[in-house]
Amino acid sequence: MLPSIPSGTVLSIQGGGIRGIIPCCHLVELERQMGGLARDHIDMVAGTSTGALLAACIAQGVPATEALKTYTEQGARIFSPGSDLLRKANLVLKGREFDNQLLARAVKATLPRPAMTLIESPVRILITAVAMDGTRWYFVRPGADNSKLTGACTLADCAIASACATTYHDPWPIPGFGYFFDGGTGGLCDPVYHAAVEAFDYDCFIPENTRIISLGTGYTTPGASQPPPPKGLLENISWVIDSLLGASKTEAEQAVDRHWPGVLISLNSILPRDIDEADVNSIPDLVSIGEKAAAVVDWKKLLDA
């Protein structure tokens with residue numbers, strides 16, 4: 001068991017596909033300013049989808065610069081085929097747009113220990129996913145009062161399962177537990193509230209002595225533009241999935257603020273336009289957005305707050 005936490009830092013990372021570049025840029029800046037690895041400066045990390053992939057990297061000690069290379073150098077391969085026509089053809093014929101084996105290979109090549117289990121994680125960790133019966137799952141290492149059921153699951157399997165958004169990928173199997181989809185599909189695109197529940201209700205964190213830093217994957221200003229209604233089955237499917245994946249973000253942070261006032265610090269960026277989670281053509285723009293947002297953050301001040 002990990003030691004009790006009289007005071008600590010929880011890092012929570014939203015889902016958002018290729019837009020995970022933005023929080024990854026924040027992690028690069030954290031490590032540049034503070035030295036060492038991100039995991040040296042936090043006590044718990046939570047993630048959904050692309051955030052789960054980053055959480056696994058943090059737990060395994062992957063430098064943020066290396067994680068960023070996976071996005072920029074492997075993103076086009078993970079989200080291939082890139083053309084809308086081929087993606088739609090895959091969706092109709094196969095029920096998904098992309099091959100989750102490509103995602104899995106990229107993840108396992110990035111993690112130095114693909115077989116590392118949650119119980120072996122040097123930091124507390126929470127990864128969200130949704131089972132085939134619609135049940136929300138929270139994959140965590142054993143804590144003070146949690147169920148202690150998921151500690152033997154590997155970080156790689158949990159992260160891949162959390163990143164397999166329905167219609168984007170087939171579900172991913174976690175041995176002993178079945179097949180799972182992206183946690184965002186079940187309203188967990190932002191895991192920050194559930195990270196707070198795990199920390200305060202099932203572990204030893206004290207709200208008055210804890211800061212929760214939430215890293216977002218970018219958002220567009222509500223009401224800034226109104227796209228036309230979707231046409232046809234495929235456009236409606238895309239609209240429903242995008243709505244499911246993004247609906248919980250603001251509500252999750254509001255819930256944390258209501259239940260534990262003052263513990264949350266949110267770092268998110270306004271996007272210049274709506275950027276699809278699989279828009280690999282926007283990788284250079286996302287790097288620029290992430291670097292500009294990260295450059296103005298004083299991590300020493302945040303972590304000493």
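What volume does the second largest cavity have? The answer is in point 3, after some context.

1. Status of the model. This structure is a predicted model. The points below cover its cavities, two single residues and a group of aromatic rings.

2. The largest cavity. The count comes to two cavities of 30 Å³ or more. The largest has a volume of about 310 Å³. Its lining is made up of 24 residues. Nearest the centre lie Thr 50, Leu 53, Tyr 71, Ile 78 and Leu 103. Three helices each give at least two residues to this lining: helix 2 (50–59), helix 3 (64–78) and helix 5 (100–110). Helix 3 supplies the largest share, five residues. By class, the lining has 15 nonpolar, seven polar and two charged residues.

3. The second largest cavity. Its volume is about 40 Å³. The lining consists of Leu 27, Glu 31, Ala 38, Leu 54, Cys 57, Ile 58, Val 62, Pro 63, Ala 64 and Ala 67. Two or more of these residues come from each of helix 1 (21–34), helix 2 and helix 3. Here the largest share belongs to helix 2, with three residues. Nine lining residues are nonpolar, none is polar and one is charged. Helix 2 and helix 3 also contribute to the lining of the largest cavity.

4. Thr 217. This residue sits in the loop between strand 7 (210–215) and helix 8 (232–246). Is Thr 217 buried or exposed? Thr 217 counts as buried because its relative accessibility is 0%, and the cut-off for buried is under 20%. Its side chain has a polar partner in the backbone: a polar atom of the Thr 217 side chain lies 2.8 Å from the backbone oxygen of Gly 15.

5. Lys 292. Helix 10 (residues 283–295) holds this lysine. Lys 292 has a relative accessible area of 61%, and exposed means over 50%, so Lys 292 is exposed. Lys 292 and Asp 145 are 147 residues apart in sequence. Their C-alpha atoms are 40 Å apart in space.

6. Trp 137 and Phe 177. How many aromatic pairs does a search of the whole structure find? The search finds nine. One of them joins Trp 137 and Phe 177: the ring centres are 5.3 Å apart and the planes meet at 75°, so the pair is edge-to-face. The cut-off for that class is over 60 degrees. This pair links distant parts of the chain, 40 residues apart. Trp 137 belongs to strand 4 (residues 136–140). Phe 177 lies in the loop between strand 5 (172–174) and strand 6 (178–182). Both residues are partly exposed, Trp 137 at 23% relative accessibility and Phe 177 at 26%.

7. Phe 139 and Phe 177. Phe 177 has a second partner in strand 4, namely Phe 139. Why is this pair edge-to-face? The planes of the Phe 139 and Phe 177 rings are at 85°, with the centres 6.1 Å apart, and an angle over 60 degrees counts as edge-to-face. These two residues are 38 residues apart, so this pair too links distant parts of the chain. Phe 139 counts as buried, at 0% relative accessibility, whereas Phe 177 is partly exposed.

8. The cluster. Which residues form one aromatic cluster together with Phe 180? They are Trp 137, Phe 139 and Phe 177. Strand 4 holds Trp 137 and Phe 139.

Technical notes
Residues are numbered from 1 along each chain as its sequence is written. This is a predicted model: local features need pLDDT of at least 70, side-chain atom pairs count only at pLDDT 80 or more; totals for chains, interfaces and linings use all residues. Side-chain values use heavy atoms; hydrogens and water are left out. On a 1 Å grid over the protein atoms alone, a cavity is a set of points where a 1.4 Å probe fits but cannot get out, and a pocket is an open set with protein on both sides within 12 Å along at least five of seven lines; lining residues have an atom within 4 Å of a point. Grid points are joined across faces, edges and corners, and a volume is the space filled by probe spheres set on the points. Helices (H or I, at least four residues) and strands (E, at least two) are DSSP runs, numbered from the N terminus. Ala, Val, Leu, Ile, Met, Phe, Trp, Tyr, Cys and Pro count as nonpolar, Asp, Glu, Lys and Arg as charged, and the others, Gly among them, as polar. Buried means under 20% relative accessible area, exposed over 50%, partly exposed in between (1.4 Å probe, protein chains only). A polar contact is a pair of N or O atoms within 3.5 Å; within protein, one must be able to donate a hydrogen and the other to accept it, and residues adjacent in sequence count only if both atoms are side-chain atoms. Rings of Phe, Tyr and Trp (its six-membered ring) pair if their centres lie within 6.5 Å; planes under 30 degrees apart count as stacked, over 60 as edge-to-face and the rest as tilted.
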